[in-house]
Amino acid sequence: INAEYMGDVTLSFLSDLLDQSDGVLRKRMSVQAIERNSVFTYARLTSAPTMDAIYLIVSTRQSSPLLVAYHENYERNTAIVPVALPLHSVVDLSFDEGRRELTLLGVFNTQPSVVRVTQLGTPEQSTNQISLECSDCSSPIAIASQGQSGTTLIAYYFSSSSGIRVTKVSGSERESASENLVDPLQGGNIRTKKATAFVADWDGDAAYLCYSDGVRPTTMIKFRISTLSISSITRMNIAADKPEIIIRLNLDAEKRLLYALVSSATMSVTTFNLFSLIGIEPDIADTRGGTTITVRGEGISNQSSAECLVGDVRLPAMEVTSRYILCEVPPFNGSVVDCFAQPIAVSLHAGQFSNDELDIQRADTPLPQSASPRAGPLSGGVVTVIGSKFVSSTWLSCRFQISNYRSYVSPATYVNSTAVLCSQPVLSEPAACSISLSVDSQIYSPSAVDFAIVGQAAGASASPQLVEAQYSALI
């Protein structure tokens, strides 16, 4: 159960506790430990189903922030004693149910401060405060989020001069080298901009922070948690003359999806991928299809439902790891002049494809017609292959096929659309072979040119040994 109420609003807290199995109302409770008709500046309810608990953090103008724990015995309506928090106000919180830890970001003596409440609901429950000393900050803006290891805390607050500043805290100490400025805000008064949503994807080493001044659409920054460096910036749009404001983020780490609750002319949910694509190898493929490409990325997880989208053709992924996805390129039936770019996208779940604007070049199969010279020595050399439909590619290669079970592949040097240079292999004995070409080092041309690898001449003689210079002669 989550709720936030900001501003001068008089509230009487009521919470309906529903049984998760049948949705039947089991009990109605009110917060008895807080003075009725108080002016609340912050309130948040966080549920912990596995701990059979509900935690309420509330800040009023009449008192310091309080933590009210309804743990185990809340159905018996037992009086609950609130715990005062060493903060003057609360900005946001993060709750790690597995570690039974609650982390809050707020203000104490005008300075941004972090409070960790550990071992919730146990006799060992304790409260620790970490001051984020900042000489040029205005008020903090969200968000504290604790990592799975329990050793890293990310806090975000405005720098009064430059933008959003990020501070990473490990254990109980701030890492002095980890401060970094994130996306200096452009336009408007910096103090009017507020963080509207935040979520950390610890599996993908990424965090997403949304901010807006309420007039312009939300800007969402994705950055690496380990380095605090920006990975990407997404700016929302104007819909029906209303700015799109992201007011909540939630992620599904298993499906690698990020859900954004967007407020504009209407309320809607926008889905983003938690993974991103970096590059493709090879970046060119024969139009006949069959090339296996490696799509490298970040934040990928092994999903049996992963798909590849090449142009408008959807294919199941061949292999998925945390760093790459293998896809087989289908045949291309259109016409190709030199090269043609086809978009590549990947989905890990439910057809939610990436939009990283990656392309793969498609090229016709090269047609080798002759080789010069037609034979070369055992020590190797360079062969010029003449033909048509040659394209410049870092993956262009030559294959010297000696038998069905023996071949040698070497990089090819592009000269022009009718000539390439091939490096002949070094052999220990003569062999007859054929040379074929490939634009992607995988799919080779069905046509090939004959070539012979021969040894040094032995026992050679000439007859006649003498001819007259002014006449042509056959020797």
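## Disulfides, an aromatic pair and a sheet

Phe 451 counts as buried, because its relative accessibility is 3%. This value, like the others in this report, comes from a predicted model.

Phe 451 belongs to strand β43, which spans residues 449–454. Its ring takes part in an aromatic pair, and the count for such pairs comes to one. The partner is Phe 400: the two ring centres are 6.1 Å apart and the planes stand at 70°, so the arrangement is edge-to-face. The cut-off behind that label is an angle of over 60 degrees between the planes. Phe 400 sits in strand β39, so the contact ties together parts of the chain that are 51 residues apart in sequence. Phe 400 is also buried, because its relative accessibility is 1%.

Strand β39 carries a second link as well. It covers residues 397–403 and contains Cys 398, whose partner in a disulfide is Cys 422. The sulfur atoms of Cys 398 and Cys 422 are 2.0 Å apart. The torsion about their S-S bond is about -75°, so this disulfide is left-handed. Cys 422 lies in strand β41 (residues 419–424), and the pair links distant parts of the chain, 24 residues apart.

A search of the whole structure finds two disulfides. Besides the bond between Cys 398 and Cys 422, there is one that joins Cys 308 to Cys 327, with an S to S distance of 1.9 Å. The link of Cys 308 and Cys 327 is left-handed, with -70° about the S-S bond. Cys 308 is in strand β30 (residues 307–310) and Cys 327 in strand β33 (residues 324–328), so this disulfide ties together parts 19 residues apart in sequence. A disulfide is a covalent bond between the sulfur atoms of two cysteines.

The burial of these four cysteines, and of Cys 210 and Cys 433, is listed below.

| Residue | Relative accessibility | State |
|---|---|---|
| Cys 210 | 0% | buried |
| Cys 308 | 1% | buried |
| Cys 327 | 1% | buried |
| Cys 398 | 0% | buried |
| Cys 422 | 1% | buried |
| Cys 433 | 7% | buried |

The state of Cys 433 follows from the cut-off: a residue is buried under 20% relative accessible area, so Cys 433 at 7% counts as buried.

Strand β33, which holds Cys 327, is also part of a sheet. Four strands form this open sheet in the order β27-β29-β33-β32, and their pairing is antiparallel. Which strands are at the edges? They are β27 (276–281) and β32 (319–320), each of which pairs on one side only. Strands β29 (residues 292–298) and β33 run antiparallel and are joined by five bridges. Ile 293 stands opposite Cys 327 of β33. Cys 327 thus has a place opposite Ile 293 and a disulfide bond to Cys 308. Strands of a sheet pair through backbone hydrogen bonds, either parallel or antiparallel.

A further residue to note is Val 114. It lies in strand β10, which runs over residues 111–118. Is Val 114 buried or exposed? Val 114 counts as buried, because its relative accessibility is 0%. From Val 114 to Asp 92 the C-alpha to C-alpha distance is 10.0 Å, and the two are 22 residues apart in sequence.

How values were computed: Residues are numbered from 1 along each chain as its sequence is written. This is a predicted model: local features need pLDDT of at least 70, side-chain atom pairs count only at pLDDT 80 or more; totals for chains, interfaces and linings use all residues. Side-chain values use heavy atoms; hydrogens and water are left out. Helices (H or I, at least four residues) and strands (E, at least two) are DSSP runs, numbered from the N terminus. Buried means under 20% relative accessible area, exposed over 50%, partly exposed in between (1.4 Å probe, protein chains only). A disulfide is a pair of cysteine sulfur atoms within 2.5 Å. Rings of Phe, Tyr and Trp (its six-membered ring) pair if their centres lie within 6.5 Å; planes under 30 degrees apart count as stacked, over 60 as edge-to-face and the rest as tilted. Two strands pair if DSSP finds at least two bridges between them.
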